[in-house]
Amino acid sequence: MQTSTPTQQSQRIISLDILRGFAIMGILIMNMTSFSMVSANYNNPMAAGVLAGADEWAFWFSELFANQKFISLFSMLFGAGVILMSSRIEAKSRNPLGRHYLRNFWLLLIGLFHAYVIWYGDILVAYALCSVWVFLFRKKSANNLFIWGGIFMSISLLISLFFGLSMPYWPEEAVVENCSFWQPSEESLQEEIMAYQGGWGQQQVFRAEMSSFLETFVFLTAVGWQVTGLMLIGMGLFKAKILTGERTARFYKRMLIIGLGLGLTLGIYGLLQNYAQAWSCEYSFFLGSQFHYVGSLPMALGYIAAVMLVCQGRYLPWLQKWIAPVGRMALTNYLMQSIIATFIFYGHGLGLYGTVGRAGQWPFILGIWLLQLLYSQWWLSRFKFGPFEWAWRSLTYGKVQAFNK
């Protein structure tokens, strides 16, 4: 009887590894804000004071080029991975259902550990949960997957628009409570800073509360719909051979121009509108944030096109040597970003939380990028899998996987 086995090096699609590496590095740009600053700063740039100078330039850059863009790309690639894994198991005349759900059960546990022990901003829990129903769409055509993906993403948009447009009719106490997340009091800001500058136990009060909020209310009203839609679109992109670099250069050039053009237009217009409304809770919390939400998809598609064009050019060997290893170790690098950054900013390490501005985050971002580029290439020149990939695969296949090359 045939047994399913993990993807071997010779079976890998290099363009997917390169895209995944590009996405995992880009995710750090926005995550660094969450690692280093009070949580309200992630959505409200004025939560801890007015931005100016280099900090404002850094904010504009991250909002236009990173906010929701790289996580959108990463989510689409996760969806493509569902198709890739299930099709390879089916090619061996086996049913992929059990392996798929076992794989994502372990991912759920890894995500919960990440969220409640290391950092509340985990995305793995959402991926594991959404994979339950996304798997059921795997046989649909690329066009149907695009349609279903758009429908799911639209649900999140409609929910946010409903909240934003109905806020003027909410009871006053509900508005005050909601806006306390957008603009915490000075006392609340200092409490959070002191907690994360303290030991693990002090951090845990805030981390557990935020994690449970994100994995319940936020997941049900926003993230779950968005991630589901993006995964389905990623599945469609894989079936349409867009993620594998098999389309023409002309196709990717048009995709690049349209994607980045539309994404940047929506992003710039959205920022200007939020500034015009003074980043008020009543406007920016639900309504003003939707420009980036809508623009993140075409922007991510533009990134895909740009990477595919580079892959088709003379830089493929360089990308394959340096960026692809980061993507092959995506789980390890994602978790290591949290481990390294929380050590830098939390009290169990250097305790810099709340002391570094947006521009000051960039030396840490660049340093972690360099570290991950170097150790990913070094590690995979000696071992078959990243350490967390090896553990995840061993658990998924119920057998300790060969580790050394």
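**Helix H16, two loops and the cores**

Biologist: Which residues of helix H16 are buried?

Modeller: The model is predicted. Helix H16 covers residues 387–397. Its buried residues are Glu389, Trp392, Arg393, Ser394, Thr396 and Tyr397.

Biologist: Which helices do the buried residues of H16 pack against, and which residue follows H16?

Modeller: Gly398 follows H16, and its phi is positive, near 65°. As for packing, the buried residues of H16 lie against helix H3 (69–90), helix H4 (97–118), helix H13 (316–328) and helix H14 (330–345).

Biologist: Is Ser93 buried or exposed?

Modeller: Ser93 sits in the loop between H3 and H4. Its phi is positive, about 60°, although Ser93 is not a glycine. Most residues other than glycine have a negative phi. Exposed means over 50% relative accessible area, and Ser93 has 71% relative accessibility, so Ser93 counts as exposed.

Biologist: Where is Lys241 found?

Modeller: Lys241 is not a glycine either, yet has a positive phi of about 65°. With 43% relative accessibility, Lys241 counts as partly exposed. Lys241 is found in the loop between helix H9 (200–239) and helix H10 (249–276).

Biologist: Which helix gives the largest share of the largest nonpolar core?

Modeller: The largest nonpolar core has 92 residues, and those with the most contacts inside it include Leu19, Met76 and Ile304. The largest share, 12 residues, comes from helix H1 (residues 14–36).

Biologist: How many residues does the other core have?

Modeller: This core lies apart from the largest one. Among its residues are Phe59, Cys179, Trp279 and Phe286. The number of residues in this core is 13.

Note on methods
Residues are numbered from 1 along each chain as its sequence is written. This is a predicted model: local features need pLDDT of at least 70, side-chain atom pairs count only at pLDDT 80 or more; totals for chains, interfaces and linings use all residues. Side-chain values use heavy atoms; hydrogens and water are left out. Buried means under 20% relative accessible area, exposed over 50%, partly exposed in between (1.4 Å probe, protein chains only). Helices (H or I, at least four residues) and strands (E, at least two) are DSSP runs, numbered from the N terminus. Contact means heavy atoms within 4.5 Å. A nonpolar core is a set of buried Ala, Val, Leu, Ile, Met, Phe, Trp, Tyr and Cys residues joined through side-chain atoms within 4.5 Å.
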